[in-house]
Amino acid sequence: MNASWSKWAPMPLRLVLGIGFLYHGLPKFTGGGHDGFVGMLQMIGVPAPGITAWLVTVAEVLGGLALILGAYTTVVAAVLIVEMVVAMFTVHWSAGFNFLNITGMTEQGLQFGLPGWEVNLLYIAGLAALMLRGPTHLSVDAMLAAKKGGGAGGGF
């Protein structure tokens, strides 16, 4: 790959992961979505489901925005990795690896069960890659690193 283009490599990863966390986090702010999430956490035995639901929601929404902006990426990625590991073992593990869990077929078509933990691993791998990379091109992290005089690896 041309070195001038390599600085752009983390950009799609940051954007897709950030959008993914926003997509899953924003509905948890609304009444029905939030109440349903609290109920699900309570059903699987998560302690303090009301508080936990808010913590997860805030982590996903603010974390998604931070990833898109490339802000505090290392810290945000670490928090989201913890969330993904917990979700993988408490929610998705029993469904197996495959993200598509086909449980049957009806006249209306395929019936799907709970997704497996494959997608959790993909999120974890993407977040780990961003953590290992450091500040990326066109990011708040790169801008802050440049202001501190530490270069930024990717520049702003």
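This report walks through the overall build of the protein chain, then helix 3, then two loop residues.

## What kind of model this is

This is a predicted model, where local features need pLDDT of at least 70, side-chain atom pairs count only at pLDDT 80 or more, and totals for chains, interfaces and linings use all residues. Residues are numbered from 1 along each chain as its sequence is written, and side-chain values use heavy atoms, with hydrogens and water left out.

## The chain as a whole

The protein chain has seven helices and two strands; helices (H or I, at least four residues) and strands (E, at least two) are DSSP runs, numbered from the N terminus. Read from that end, the order is α-α-α-α-α-β-β-α-α. The C-alpha trace spans about 60 × 35 × 25 Å along its principal axes.

Of the 156 residues, 38% are buried. Here buried means under 20% relative accessible area, exposed means over 50%, and partly exposed is in between (1.4 Å probe, protein chains only). The chain exposes about 9000 Å², with carbon and sulfur atoms supplying 73% of it; these areas come from the Shrake-Rupley method with a 1.4 Å probe. Now for contacts, meaning heavy atoms within 4.5 Å: among those with a separation of 6 or more, 54% come from residues 24 or more positions apart.

## A look at helix 3

Helix 3 covers residues 31-43. Its 13 residues should span 18 Å at 1.5 Å a residue, and its end C-alpha atoms are indeed 18 Å apart. That expected span is 1.5 Å times one less than the number of residues.

Which residues of helix 3 are buried? They are His 34, Phe 37, Val 38 and Leu 41. These cover an arc of only 100° around the axis, so they sit on the same side of helix 3; the arc is that of the directions from the helix axis to the C-beta atoms. Helix 4 is included in what covers them. On the face turned away from that buried side, helix 3 carries the exposed residues Gly 32, Asp 35 and Met 43. Just after the helix, Gly 45 takes a positive phi of about 85°.

## Two loop residues with positive phi

Most residues other than glycine have a negative phi. Ala 48 goes the other way, with a positive phi near 45°. This alanine is in the loop between helix 3 and helix 4 (49-69), and Ala 48 is partly exposed, at a relative accessible area of 43%.

Tyr 72 also has a positive phi, near 55°. Its place is the loop between helix 4 and helix 5 (73-92), and Tyr 72 is exposed, with a relative accessible area of 55%.
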